[in-house]
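Hi,

Here is the structure I promised to pass on. Have a look at it first, and then read on for what turned up in it.

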Amino acid sequence: MKPAIAVPTSAVARNALVLIAVVAGGAAVYWLRDILTPLAMAIFLMIMIDGVKRWIEMRAGLSPRWAGIAALLVVVAGFILSIWIIVDGAAGFFTDASGVSANIGPRLDQVLRDLSHLVGVDTPPTAAELISGIDLRGYLTQLAFQAQGIVSGAFFVMVYLGFLLASQAGFRRKIVGMFPNRENRSEALEVFQRVRGGVEGYLWVQTVTGVMICAAAWVLMRLVGLQNAEFWTFVIFVVGFIPVLGGAVAGLAPPLFALVQFPTYWPALILLIGLQTILFISGNLIQPRMQGDNQNIDPVVVLLALAFWGKVWGVVGMFLSTPLAVMAMAVLAEFRGSRWMAILLSGDGEPYADEDPIRAGRTPAKPPETKARKAAGGRGAVSRGGKAGTGSAKT
């Protein structure tokens with residue numbers, strides 16, 4: 001019988017401590033979600049402001065102060081406008097003026113009759129019978145509380161953002177105090193730059209592809225004649241930042257409401273096929289070319305991060321799931337003991353394509369003759385194949 005693999009006691013203890021720390025950290029994140037959720041969103045917005053600020057400096061040639069003010073106004077205005085459009089549009093969507101609330105009952109009855117005849121059922125149930133056992137008032141009350149929570153959460157996000165921007169001036173002094181050694185401070189700043197670059201790259205890709213998808217979707221919905229096409233266009237853009245679920249909502253929600261609006265099934269079918277085609281082209285042809293190394297995350301990790309952060313922080317966690325995974329990979333890749341976790345999180349086994357192998361803990365092997373020539377005081381260089389040259393390096 002094959003003997004069991006001997007694992008050092010220190011490794012077992014270390015892995016047990018890591019597991020306990022992960023479980024305790026997850027529990028703390030869940031229990032403190034009311035405090036941490038707006039803080040995480042504020043940090044996310046601060047990263048966006050910094051990226052917009054540097055873009056304005058490069059494009060418009062403004063001073064850092066005025067570029068920062070312009071970036072702050074753009075991001076904050078966009079955030080508040082997004083909250084207002086979602087809340088106001090969702091609240092007024094089912095009013096009598098839109099015509100949806102008056103047609104939803106008869107139209108659902110017609111859809112149920114057609115489906116029942118298709119499968120051979122003579123007495124199909126009505127929509128009222130199907131929803132009679134559902135506590136619709138309770139769901140609407142819960143939805144109202146969630147909408148109220150979004151508004152109050154946006155207020156706390158703005159408060160956190162103001163304090164974060166106010167404390168940003170002393171950030172460099174804090175870094176100097178935390179890392180007196182210049183080399184350690186440079187490494188810490190490099191980690192921060194990588195985290196910021198990964199998040200900004202993700203935002204850039206999602207924003208550009210979202211604008212492309214929304215432009216094509218808006219044209220398609222206007223051609224079909226779907227009501228509130230602008231509202232649905234904005235919804236498609238916002239949910240595009242949620243991996244997996246965002247594409248499902250963007251491709252299915254407008255066709256479902258087209259079933260209620262139109263007396264025939266052709267507009268809904270056209271919207272379903274058209275939106276799925278747009279999302280397929282964007283997800284398989286455009287996004288992979290734009291992502292490059294900015295989002296080198298394994299798809300399974302993206303799905304698990306979506307499930308975990310959605311369970312812990314709700315909708316906000318879904319929005320932040322991929323940026324948080326990018327941040328985790330960037331930080332874990334910097335330490336020799338946790339680099340294996342960053343490799344598991346990455347898509348191709350290399351958390352950073354342009355990383356220095358010495359800093360990653362994988363010092364390249366030197367040819368045997370290098371040390372001999374160094375001891376002998378030789379002047380030759382070593383070629384890539386490991387053979388010493390007499391003058392210059394061989395190519």
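**Salt bridges**

With a relative accessibility of 49%, R222 counts as partly exposed. Its partner E230 is also in the partly exposed class, at 45%. The side chains of R222 and E230 form a salt bridge, with 3.8 Å from N to O. Before I go further, please keep in mind that this is a predicted model.

How many salt bridges does a search of the whole structure find? The search gives four. As a general point, side chains of opposite charge can pair when their charged atoms come close.

Salt bridges also link D50, R54, R196 and E200 into a network. Here is how parts of that network look:

- D50 and R54 meet through their side chains in a salt bridge of 3.3 Å, N to O. Both belong to helix α2 (residues 33-60), and because they are four residues apart there, about one helical turn separates them. In general, an α-helix has 3.6 residues a turn, so residues three or four places apart point the same way.
- D50 counts as buried, with 17% relative accessibility, whereas R54 is partly exposed at 31%.
- D50 also forms a salt bridge with R196, and here the closest N and O atoms are 2.7 Å apart. This pair links distant parts of the chain, since R196 lies in helix α8 (residues 182-224) and D50 in helix α2, 146 residues apart.
- R196 has a relative accessibility of 15%, so this residue counts as buried.

**Aromatic rings**

A search of the whole structure finds six aromatic pairs. In one of them, the ring centres of F155 and F156 are 5.6 Å apart and the planes stand at 70°, so this pair is edge-to-face. The cut-off behind that label is a plane angle over 60 degrees. F155 counts as exposed, at 53% relative accessibility, while F156 counts as partly exposed, at 45%.

F308 and W309 make another edge-to-face pair, because their ring centres are 5.0 Å apart and their planes are at 80°. Are these two residues buried, partly exposed or exposed? F308 counts as partly exposed, with 39% relative accessibility. W309 is buried, with a relative accessible area of 16%; the limit for buried is under 20%.

Ring pairs also join F231, W232 and F257 into a cluster. Elsewhere, a charge meets a ring: the charged end of R33 sits over the ring of Y30, at 4.2 Å from the ring centre.

**Buried places**

Two of the cluster residues, F231 and W232, are among the buried residues of α9. Helix α9 (residues 229-239) is mostly covered, with nine of its 11 residues buried. Besides F231 and W232, the buried set is A229, T233, F234, V235, I236, V238 and V239.

I236 brings us to I213, a residue of helix α8. Leaving aside residues up to four places away in sequence, I213 touches I236, I278, L279 and S282. I213 is buried, with a relative accessible area of 13%. The C-alpha atoms of I213 and I281 are separated by 9.4 Å, and the two residues are 68 residues apart along the chain.

W309 turns up again around S321, which sits in helix α12 (residues 299-332). With residues up to four places away in sequence not counted, S321 touches P243, A305, L306 and W309. At 0% relative accessibility, S321 counts as buried.

**Confidence**

How far does the prediction reach in confidence? The chain averages a pLDDT of 75, and 73% of the residues score at least 70. Over residues 353-395 the pLDDT is below 50, although in the model this stretch has 44 contacts beyond near neighbours in sequence. Where pLDDT is low, the predicted coordinates should not be read in detail.

Happy to talk any of this through whenever it suits you.

Best wishes

How values were computed: Residues are numbered from 1 along each chain as its sequence is written. Side-chain values use heavy atoms; hydrogens and water are left out. Rings of Phe, Tyr and Trp (its six-membered ring) pair if their centres lie within 6.5 Å; planes under 30 degrees apart count as stacked, over 60 as edge-to-face and the rest as tilted. Buried means under 20% relative accessible area, exposed over 50%, partly exposed in between (1.4 Å probe, protein chains only). A charge sits over a ring if NZ of Lys or CZ of Arg is within 6 Å of the ring centre and within 35 degrees of the ring normal. Contact means heavy atoms within 4.5 Å. pLDDT is the predictor's confidence in each residue, from 0 to 100.
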